[in-house]
Amino acid sequence: MTEFRVGRGHDGPARLGEYIMGTEVFETPLLTGPNISRERMLQYGTLGRDPSNSRPTIAALPFGMELEEIDKAGLGNFDSILLPSLISFSSLDDQTSVLTLRHQLDTIDEIKETVDPSRLIVRIPENIDIDVFKSYIDDFHSKGIRAAAFMFDGYLGSTDLDSIILRSNLPASWLAVAMGKISPSTVPLLYYTGFDVIDTGYAYETAANGVRLWRNDSEHIETGKQQRFCSCSHCESIAEAKHSDLNEILQNHNLDVYESILSESVHAMKSGRLRWLVESMTHVSPNQASIQRQVDKQIYSFIEEFTPTTGADNVPLIGPESYNSPAVKRYRDFLEVRYTPPEGKQIVLLLPCSAKKPYSDSKSHRRFSETIESALGRASGRVAQVILTSPLGIVPRELERIFPAANYDIPVTGDWDAEETSLGAEALITYLNKLDPSCTVVAHVSGGYLGIVKAAESKVSQSIIYTTPETSATSWESRQALQETLVDLKGVLQLKDAPLKQLEEIVRATADFQFGKGAGNILVPKNAKVGGKPYRQIVCRIDKEQICSFIADTGLLSLTLSGAKLIAPLNRYWVRLDAPIVKGGSIFAVGIKEADSSIRPGDEVIVLNNQDEVIAVGRSEMSGREMCELKRGRAVSVRHKVEV
Ligand SMILES: [Zn+2]
């Protein structure tokens with residue numbers, strides 16, 4: 001039996017898994033290549049042409065091979081079979097692409113008595129129309145196929161992009177194989193976009209041509225010429241190597257480079273830094289940068305769907321590729337759609353971000369707080385604080401602990417490019433348009449931050465007072481100016497006392513951000529009792545019953561069963577089981593009947609039983625779609641459940 005099992009973990013569509021071929025279990029992501037004797041790699045070859053192996057391999061079925069020939073050709077009992085293609089892919093037009101898929105369907109029908117369909121891998125012609133492809137995938141799925149191979153030509157142009165886009169339309173339970181010319185620097189991107197098996201054929205091709213591959217580039221080895229230093233054991237004797245030995249040395253070195261970068265990618269995924277690794281690889285070549293930008297543009301929703309809502313302690317956002325990375329863009333989208341500013345605010349204070357996160361912990365922000373307190377005293381609760389930052393745009397004070405606002409790290413130069421300024425201005429306009437036009441905006445910012453406010457000014461109805469056009473916002477003089485401005489405004493606006501309601505505001509804003517508009521008012525109504533500390537834990541109770549708690553480390557709310565019951569009518573973040581109760585501490589995908597498609601890994605989810613009653617709450621371990629499509633794997637880690 002051949003089976004692909006998706007395991008835990010996500011950073012984008014990248015995942016861990018197991019490809020089980022009979023008694024052999026290959027952990028994915030996995031490298032594949034011809035004539036491989038390496039433990040961690042899977043061999044492939046053409047059936048009847050390449051020598052067979054004692055371990056299972058991927059055997060390519062030559063076009064036109066008859067059923068009787070397959071057995072004689074030495075097919076191993078657990079070999080996977082790559083279904084035949086008509087001719088070389090690159091020359092296929094749309095019509096022939098369809099014929100290729102039809103031919104593979106016919107082949108399945110011919111051999112399904114002899115070969116279990118779970119062993120078959122369908123070849124996807126790269127230029128096939130996406131809708132045609134989707135309709136065929138259903139046919140293959142119903143015949144028991146669970147693996148597909150996509151072709152790469154290595155140019156990182158339209159062919160490679162098409163293959164990545166096609167892969168994004170595969171069911172979550174399928175194994176995705178990337179075949180063809182793939183250089184080491186593309187491995188992180190392919191893993192990130194959900195490929196489980198990656199071809200290293202290029203390592204052999206280059207070695208045969210005397211080329212040594214490196215992580216980011218390559219080197220032609222010529223006898224008598226000075227070579228780059230390599231610390232690997234294979235290269236020790238490269239300077240004296242005879243021409244006949246060079247090929248083997250280079251092959252081994254090149255394969256090591258693939259193993260090394262794949263291992264780096266897996267480690268990055270496990271620590272929530274795969275996106276950062278992928279972004280860092282865009283500087284390898286212009287083509288690498290352009291395919292990355294196209295991937296972000298064309299399959300953003302696919303990548304976002306598998307991007308966790310919590311993540312690494314430190315998220316470096318360095319270049320333009322990070323402006324629209326899923327965690328960043330999702331933050332801006334949620335802020336626009338889900339967030340409502342707290343009530344009773346008459347002044348909006350715009351502040352610069354700080355390198356230290358959350359901002360409140362920084363020296364500069366502690367001073368801003370002191371200035372507000374000393375100027376307004378008991379009317380401090382009239383001020384809404386908003387931090388301007390790139391590439392998140394704005395961060396309301398109440399949300400400064402949410403992911404990735406509490407985790408991102410940017411190069412701080414104070415110079416913002418046009419896109420950053422426009423992202424910031426758009427976010428500020430959206431924010432201010434949610435507030436009463438009679439509010440007064442105090443812009444306590446300078447440099448690039450000032451550019452954002454100026455860009456937004458003509459599109460908002462509030463009047464804006466600038467406190468620090470000349471000097472840095474953190475200087476003593478400008479804080480003095482802020483103090484005077486606030487004192488003046490207190491008199492002019494006749495500010496009434498309003499105690500700081502920091503705790504309520506944090507929980508309410510986080511609830512809306514996490515569960516959608518309206519959740520905040522349900523979980524934290526006017527009569528709620530909220531206690532705790534913003535930098536530790538905040539607990540919210542209604543009539544002495546605990547509803548939810550805010551955990552500062554994650555910046556997220558944990559619901560109790562009572563809290564879950566309150567927001568269940570919003571019909572969001574639910575998982576419906578096919579059972580009356582939850583047994584044990586985990587819910588597995590196999591027991592899930594339906595799930596809200598907006599669930600992402602890391603979300604707080606509400607578990608319903610087959611009678612639509614709330615029976616548990618917990619953290620999702622996968623996306624809503626995976627909960628429905630996968631037949632195994634942990635879907636929810638349960639925190640509270642109805643005891644019976
Ligand atoms: Zn080497």
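The points below go from the overall form of this predicted model to its domains, a helix pair, an open sheet and a hairpin.

1. Overall form. The protein contains 19 helices and 30 strands. Its C-alpha atoms occupy a box of roughly 95 × 70 × 45 Å along the principal axes. The radius of gyration is 29 Å, which agrees with the value near 26 Å for a compact globule of 644 residues.

2. Burial and contacts. Of the 644 residues, 47% count as buried. Among contacts with a separation of 6 or more, 65% are between residues 24 or more positions apart.

3. Domains. The domain assignment gives domain 1 as 2-202 + 284-300, domain 2 as 339-492 and domain 3 as 516-641. Domain 1 is thus written as two segments. Between the C-alpha centres of domain 1 and domain 2 there are 51 Å.

4. Helices α6 and α7. Two packed helices are described by the angle between their axes and the distance between the axes. Here the axes of α6 (residues 201-208) and α7 (residues 243-270) come within 8 Å and cross at roughly 145°. The crossing is right-handed. On the α6 side the contacts involve A203, Y204, T206, A207 and A208; on the α7 side they involve N247, L250, Q251, N254, L255 and Y258.

5. The open sheet. Five strands are ordered β17-β16-β15-β19-β20, with mixed pairing. The edge positions belong to β17 (393-396) and β20 (463-466); each has a single partner strand, so one side of each is left without a neighbour in the sheet. From one strand to the next the twist averages 25°.

6. The β15 and β19 pair. Within this sheet order, β15 is followed by β19. Strand β15 (residues 347-352) runs parallel to strand β19 (residues 440-443), and four bridges join the two. I347 is placed opposite T440 of β19.

7. The β23 and β24 hairpin. Strand β23 (residues 545-551) and strand β24 (residues 556-559) are antiparallel and are joined by four bridges. One bridge partnership is that of C548 with L559 in β24. Four residues lie between the strands of this hairpin, and G555 adopts a positive phi near 70°.

8. Pairing in the two examples. Strands of a sheet pair through backbone hydrogen bonds, either parallel or antiparallel. The parallel case is represented here by β15 with β19, and the antiparallel case by β23 with β24.

Note on methods. Residues numbered from 1 in each chain as written. Predicted model: local features only at pLDDT ≥ 70, side-chain atom pairs only at ≥ 80, totals over all residues. Pairing = 2+ DSSP bridges. Rg over C-alpha atoms; globule rule 2.2 N^0.38 Å. Buried ≥ 20, exposed ≤ 12 C-beta atoms within 10 Å, placed from the backbone. Contact = placed C-beta atoms within 7 Å. Domains from an automatic or database assignment. Axes fitted to C-alpha atoms, helices over the stretch in contact; angles between N-to-C directions. Left-handed = near helix turned anticlockwise from the far one by under 90°.
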